Amino acid sequence: MSDQPTCDVIYNGDCPVCRAGIEAMRGEARYTDIVETPEILREHGLTERDVQYRLHVLTPEGRLVRGIDAAALTMQASPHWRWLGRLAATPLLRPVGWLAYEALAAILFRWNRWRGNF
């Protein structure tokens, strides 16, 4: 692990699936849970709902990415998942990953609201 984080992953710790995914992928990034650090939302012009619906990543250059691109960067920061993150970011597979991510995000968002997680 390097001294400098590869990116800042902004996620919703109220979602048990999201929290488990982040725990499984922990690596060389900085991880910010909006439940524990809500001020990160204001700092980057995000709403709680933005992060409840999609994963967000702030790159070292200051670019904010979301969805499948954020998931790919998060995986690339993890030694065990780096290969999958690189694969998900390829031009050939990114559109398929985008569709799968968006479908899963919609399902998780509705499930979390139904369960009262937020």
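**A walk from the sheet to the long helix**

Begin by selecting V57, and look across to V65 in β4, which stands opposite V57. What you have open is a predicted model, in which local features need pLDDT of at least 70 and side-chain atom pairs count only at pLDDT 80 or more, while totals for chains, interfaces and linings use all residues. Residues are numbered from 1 along each chain as its sequence is written, and side-chain values use heavy atoms, with hydrogens and water left out.

**The sheet**

Now select strand β3, residues 56–58, together with β4: these strands pair in the antiparallel sense over 3 bridges. Here two strands pair if DSSP finds at least two bridges between them, and the helices (H or I, at least four residues) and strands (E, at least two) are DSSP runs numbered from the N terminus. Widen the selection to the whole open sheet, where 4 strands follow the order β2-β1-β3-β4 with mixed pairing. At its edges lie β2 (30–33) and β4 (64–66), each of which pairs on one side only. From one strand to the next the twist averages 25°, with axes taken as lines fitted to C-alpha atoms, for helices over the stretch in contact, and angles running from 0 to 180 degrees between N-to-C directions.

Add helix α4, residues 68–76, which packs on the sheet and touches β1 (8–11), β2, β3 and β4, its direction making about 105° with that of β4; contact means heavy atoms within 4.5 Å.

Next, select β1, which runs parallel to β2 and is joined to β2 by 4 bridges, and find Y11, which stands opposite D33 in β2. Are the residues on the two faces of β1 buried or exposed? Both faces are covered, since D8 and I10 on one side and V9 and Y11 on the other are all buried, where buried means under 20% relative accessible area, exposed over 50%, and partly exposed in between (1.4 Å probe, protein chains only).

**The cores**

Select V9 and L55, which touch the most other members among the 19 residues of the largest nonpolar core, a nonpolar core being a set of buried Ala, Val, Leu, Ile, Met, Phe, Trp, Tyr and Cys residues joined through side-chain atoms within 4.5 Å. At least two residues of this core come from each of β1, α1 (16–25), α4 and α6 (94–115), and α4 supplies the largest share, 5 residues. A second, separate core has 6 residues, including I10, I34, L46 and V51.

**The long helix and its partners**

Moving to α6, you will find 22 residues that reach 31 Å from the first C-alpha to the last, close to the 32 Å expected at 1.5 Å a residue; the expected span is 1.5 Å times one less than the number of residues. The buried residues of α6 pack against α1, α3 and α4, and among them are Y101, L108 and F109.

Select F109, which is buried with a relative accessible area of 7%, together with Y53. These two form a tilted aromatic pair, 5.2 Å centre to centre with 55° between the planes; rings of Phe, Tyr and Trp (its six-membered ring) pair if their centres lie within 6.5 Å, and planes under 30 degrees apart count as stacked, over 60 as edge-to-face and the rest as tilted. The pair links distant parts of the chain, with Y53 in helix α3 (residues 48–53) and F109 in helix α6, 56 residues apart.

Finish at Q52, also placed in helix α3, which is buried with a relative accessible area of 12%. Leaving aside its neighbours within four places in sequence, Q52 is in contact with N12, F109 and F118.
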